[in-house]
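Me: I'm new to this one and would like a close look at a single part of it. Could you walk me through it in plain words?

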Amino acid sequence: MSPHFVPVKNKYKIEAALKNKKIPLWLPCDMVLPSTDIPASWDMTYDSLAAWLATQIGARHILLVKACVVPGCELNLSALALQKIVDPLFPIFVTKGTLAWRMLSARASLKLSALLLNEPAQDY
């Protein structure tokens with residue numbers, strides 16, 4: 001694992017990692033299993049978990065990095081869920097948390113990672 005990443009289990013560890021200029025790698029079990037607002041359903045994937053976590057830590061924005069090709073045109077949350085680009089619960093968690101959201105394909109995420117880590121840009 002890259003030295004830039006640090007495993008974290010709760011929002012306080014996330015805050016500490018960010019304060020120390022590290023990238024928190026969330027291990028969700030300690031926060032998710034006792035939570036009553038997360039349904040035990042296969043409709044709940046990391047898309048919705050990311051939105052739930054963003055709300056828990058007081059974030060206002062969420063950026064999803066998807067393995068699939070992300071449509072270039074503007075799609076609303078319901079359309080993304082219908083096309084199975086995000087899970088069916090993602091629109092609910094984003095709306096509930098009043099989160100602004102964006103999405104990148106995994107290929108584009110490599111460029112974002114280089115920017116976040118202040119590394120020289122490369123052609124990915």
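What share of the contacts in the protein chain with a separation of 6 or more comes from residues 24 or more positions apart? And once that's clear, please zoom in on helix α3, which covers residues 46-56.

Reply: Happy to. Keep in mind that this is a predicted model. On your opening question: among contacts in the protein chain with a separation of 6 or more, 49% are between residues 24 or more positions apart.

A bit of background before we zoom in. The protein chain has 124 residues, and 30% of them count as buried. Its secondary structure amounts to six helices and four strands, and going along the sequence you meet them as β-α-β-α-α-β-α-α-β-α. About 8,600 Å² of the protein chain is exposed, with carbon and sulfur atoms supplying 60% of that.

Now to helix α3. Let's start with Asp47, which lies in this helix. Asp47 makes a salt bridge with Lys66, and their closest N and O atoms are 2.9 Å apart. Lys66 sits in strand β3 (residues 61-66), so the pair ties together parts that are 19 residues apart in sequence. Are the two partners buried or exposed? Both Asp47 and Lys66 turn out to be buried. If you go hunting for others like it, note that the structure holds one salt bridge, and you've just met it: Asp47 with Lys66.

Next along is Ser48, also in helix α3. Its relative accessibility is 0%, which is why Ser48 counts as buried; the cut-off for that label is under 20%. So what is around it? Setting aside neighbours within four places in sequence, Ser48 is in contact with Asp87, Leu89, Phe90 and Phe93.

Further on in helix α3 comes Trp52, and here we get to the aromatic rings. A pair of aromatic rings is described by the distance of the centres and the angle of the planes. Searching the whole structure turns up one aromatic pair. It is made by Trp26 and Trp52: the ring centres are 6.3 Å apart and the planes are at 25°, so the pair counts as stacked. The cut-off behind that word is planes under 30 degrees apart. Trp26 belongs to strand β2 (residues 23-26), so this pair links helix α3 to a part 26 residues away in sequence. As for cover, Trp52 is buried at a relative accessible area of 4%, and Trp26 is buried too, at 15%.

To put the helix together: Asp47 pairs with Lys66 of strand β3, Ser48 has contacts that include Phe90, and Trp52 stacks with Trp26.

Definitions and conventions
Residues are numbered from 1 along each chain as its sequence is written. This is a predicted model: local features need pLDDT of at least 70, side-chain atom pairs count only at pLDDT 80 or more; totals for chains, interfaces and linings use all residues. Side-chain values use heavy atoms; hydrogens and water are left out. Helices (H or I, at least four residues) and strands (E, at least two) are DSSP runs, numbered from the N terminus. Buried means under 20% relative accessible area, exposed over 50%, partly exposed in between (1.4 Å probe, protein chains only). Contact means heavy atoms within 4.5 Å. Accessible areas come from the Shrake-Rupley method with a 1.4 Å probe; for residues, only the protein chains shown count as cover. A salt bridge is a side-chain nitrogen of Lys or Arg within 4 Å of a carboxyl oxygen of Asp or Glu. Rings of Phe, Tyr and Trp (its six-membered ring) pair if their centres lie within 6.5 Å; planes under 30 degrees apart count as stacked, over 60 as edge-to-face and the rest as tilted.
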